[in-house]
Amino acid sequence: MSLGLILALGAAVSFGFNGATVRRGVATAAASQGLYVTVLGGAVLFVLAAALSGQLFRAGEVAARDYGFLVAGGLVHILVGRYCNYRAIAAMGANRTGPIVGMSTLASVLIALAFLGESVDARIAAGIALVMVGPVLIARRPAAAPSSAPGAGPTPHLLEGYVFGVAAAVLWGVGPVLMRAGLQSTGLGILGGLVTYAAASAALLLVLALPGQMAKAADLDRSAMRWFALSALNSFVANVFRFSALAVAPVTVVVPMIRTFVLFQVAFNFVINRSLESFEPRILVAVAVSAAGAVLLTAIGSPQPPDSCDPYVLEPDPETYCVTFTNGSGAPAGFFHVSSIVPSVSRWTPIDQPAGCADPEIWGGFEYRELVWPEPCVGPGESVTFQLHENTKLGGTYFAPSAPVVEAVNDTGRAASGLVFEQAGSFRGYRIVQNAPGCGAPSVDGYPHFELLWDSDCVDPGETVAVHFGDTRQVTSVPYVWLFPTIFGDASCDETVDAIDAALVLQYEAELLSALACTEEADVNGDDSIDAEDALLILQFSAGLLPSLPP
């Protein structure tokens with residue numbers, strides 16, 4: 001069994017136990033109260049996990065677009081989707097809710113097929129059909145039964161349960177796709193979980209700030225608090241498994257496997273909530289059918305590699321899982337690039353490479369993959385073979401002696417706070433190979449140029465920042481410009497404002513100087529002209545007559 005399946009199975013068991021603990025909590029408390037405990041508590045646990053794993057300190061490796069996907073996934077899945085699930089469980093029980101929420105598999109697979117390029121065939125469609133049969137089997141309202149009847153449970157509110165159950169299914173179908181999109185470039189599953197929980201927690205804290213919400217949240221039964229706290233721990237463990245699985249395996253493998261949690265949920269409910277849940281044969285059949293569909297999807301979605309690898313073809317058919325590339329560059333290579341991947345493959349570890357090659361680093365995201373060996377070890381004419389986990393379209397490949405990296409040296413004589421690579425268009429991927437000593441991770445903007453911005457002017461003269469760009473061979477020729485913090489009045493660019501700057505401004509106005517070292521800084525009053533008024537303001541500031549300079 002692959003690592004992705006093992007992690008997804010761990011998530012399924014944890015989510016099953018979580019469903020039972022939530023059922024016990026919402027029996028005496030509101031769904032919104034459970035949301036506060038489980039989401040805020042989960043966020044704290046993810047902070048600790050991210051710090052202990054070291055992923056918290058790698059936040060700079062995540063692109064802004066990926067953060068956007070993770071934040072959206074947190075709001076959709078962790079916040080709104082979880083609330084709808086809690087309402088559905090409170091209305092008609094966890095056993096009845098499971099098959100309805102199981103329709104999220106359909107949403108996830110269809111979205112993954114449409115937007116992530118993941119593949120689905122007729123057999124997977126059959127699995128989806130089984131997943132959808134479950135909700136139909138529980139649609140009939142049960143006949144009234146004495147409260148003492150075994151397995152009868154409280155009277156269910158089916159309409160409310162269906163409304164919120166279907167809403168949870170749709171939201172939980174979209175959520176994993178967003179999370180997978182945010183994790184695919186880096187594989188930082190724990191950090192991804194932290195980002196999603198932080199987004200959901202921020203929204204909850206805004207709600208708590210509304211009048212009366214804090215008191216409502218605090219009015220929580222002690223027994224319910226214990227069950228919700230246990231649910232927060234269960235959910236944290238389950239999400240650690242889920243995010244780790246999504247970081248190494250495609251949605252069409254992870255999501256269906258996690259869907260088997262309904263079987264574990266029934267078992268845990270029988271132990272914990274026997275008096276609250278329904279165990280009618282029809283309900284158990286619905287759960288089993290839904291889970292069978294998920295198992296079928298999982299079995300189809302995880303192909304095994306063949307005994308031998310077929311030669312490289314541009315568009316492998318669904319039965320081709322291996323591809324071979326030959327170094328035709330004429331020189332030893334320590335770098336390999338492939339672009340136009342549809343979908344982005346989930347595994348690029350070579351299963352066959354020249355003797356003497358160490359395991360490469362793997363860089364890239366949706367639209368490309370790059371492998372970097374410690375030294376050029378793939379000789380001319382030698383080949384590297386990779387195992388693919390899904391149908392993939394490839395193109396734009398090349399070998400090179402080493403990874404193409406731009407080394408930007410601050411030769412300006414001033415401490416810089418930003419760096420802009422002036423190439424038209426956007427770069428599809430990047431990796432900061434070397435940051436300046438003492439600088440934190442910079443913010444990154446890829447449009448219209450590639451721009452790095454630090455919180456302070458920490459890149460001292462003579463220091464180097466090295467960046468690797470993906471999806472282009474000629475990145476070593478990209479020109480760059482250093483950025484500096486604006487000090488208004490510093491016409492000489494010596495990072496001080498004094499009478500010398502005023503004298504330079506006057507000489508510039510009298511056309512005794514053709515240019516100033518820092519023209520923008522010389523226009524202190526912001527009137528788009530450099531004249532005696534600017535010089536007067538600089539003199540007043542340098543003499544202590546003005547506390548600061550405009551604008």
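Let's start at Asp 534, which, leaving out residues up to four places away in sequence, touches Val 505, Ala 522, Asp 523, Val 524, Asn 525 and Ser 529. Keep in mind that what you are looking at is a predicted model. Asp 534 sits in helix α16, which covers residues 532-542. Its relative accessible area is 0%, so Asp 534 counts as buried. If you look along the chain to Leu 549, 15 residues apart from Asp 534, you'll find the two C-alpha atoms separated by 9.7 Å.

Stay in this part of the chain for a moment, and look at the loops. Asp 528 belongs to the loop between α15 and α16. Its phi is near 65°, a positive value for a residue that is not glycine. With a relative accessible area of 75%, over the 50% cut-off, Asp 528 is exposed. Glu 511 tells a similar story: this residue is in the loop between α14 (499-509) and α15 (519-522), and its phi is also near 65°, positive in a residue other than glycine. Glu 511 has a relative accessible area of 70%, so it counts as exposed.

Now step back to the whole chain. The protein has 551 residues, and 49% of them are buried. Its secondary structure adds up to 16 helices and 14 strands. Take the contacts between residues at least 6 apart in sequence: 81% of these join residues at least 24 apart.

How confident is the predictor? The average pLDDT is 77, and 75% of the residues score at least 70. Over residues 341-346, though, the pLDDT is below 50, and this stretch has 33 contacts in the model beyond near neighbours in sequence. Residues 142-152 also stay under 50, and there the model has 12 contacts beyond four places in sequence.

For a look at a strand, go to Leu 452 in β12, residues 450-453. Leu 452 is at 0% relative accessibility, so this residue counts as buried. Setting aside residues up to four places away in sequence, Leu 452 touches Ser 417, Gly 418, Leu 419, Ile 432, Pro 442, Ser 443, Val 444, Val 465 and Val 467. One of these partners, Leu 419, is 33 residues apart from Leu 452 along the chain, yet their C-alpha atoms are separated by 5.1 Å.

Next, the helices, beginning with α1. This helix is mostly covered, with 18 of its 24 residues buried. Does its length make sense, or not? At 1.5 Å a residue, the 24 residues of α1 should span 34 Å, and the end C-alpha atoms are indeed 34 Å apart, so the two agree. One residue to pick out in α1 is Asn 18. At 9% relative accessibility, under the 20% cut-off, Asn 18 counts as buried. Apart from its neighbours within four places in sequence, Asn 18 is in contact with Ser 231, Asn 234 and Ser 235. On helices in general, an α-helix has 3.6 residues a turn, so residues three or four places apart point the same way.

You can run the same kind of check on α8, residues 189-208. Its 20 residues should span 28 Å at 1.5 Å a residue, and the end C-alpha atoms are 28 Å apart, which agrees. Of those 20 residues in α8, 14 are buried, so the helix is largely enclosed by the rest of the structure.

That leaves the cavity. The structure holds 1 cavity of 30 Å³ or more, and the largest cavity has a volume of about 350 Å³. Which residues lie nearest its centre? They are Phe 15, His 77, Trp 172, Arg 242 and Phe 261, out of 22 residues that line the largest cavity. By type, the lining divides into 10 nonpolar, 9 polar and 3 charged residues.

And where does the lining come from? At least two residues each are supplied by α1 (3-26), α3 (64-92), α4 (94-101), α7 (158-183), α10 (222-248), α11 (251-258) and α12 (261-272). Among these helices, α3 gives the most, with 5 residues. So α1, the mostly covered helix we met above, turns up again here as one of the contributors to the lining of the largest cavity.

Key:
Residues are numbered from 1 along each chain as its sequence is written. This is a predicted model: local features need pLDDT of at least 70, side-chain atom pairs count only at pLDDT 80 or more; totals for chains, interfaces and linings use all residues. Side-chain values use heavy atoms; hydrogens and water are left out. On a 1 Å grid over the protein atoms alone, a cavity is a set of points where a 1.4 Å probe fits but cannot get out, and a pocket is an open set with protein on both sides within 12 Å along at least five of seven lines; lining residues have an atom within 4 Å of a point. Grid points are joined across faces, edges and corners, and a volume is the space filled by probe spheres set on the points. Helices (H or I, at least four residues) and strands (E, at least two) are DSSP runs, numbered from the N terminus. Ala, Val, Leu, Ile, Met, Phe, Trp, Tyr, Cys and Pro count as nonpolar, Asp, Glu, Lys and Arg as charged, and the others, Gly among them, as polar. The expected span of a helix is 1.5 Å times one less than its number of residues. Buried means under 20% relative accessible area, exposed over 50%, partly exposed in between (1.4 Å probe, protein chains only). pLDDT is the predictor's confidence in each residue, from 0 to 100. Contact means heavy atoms within 4.5 Å.
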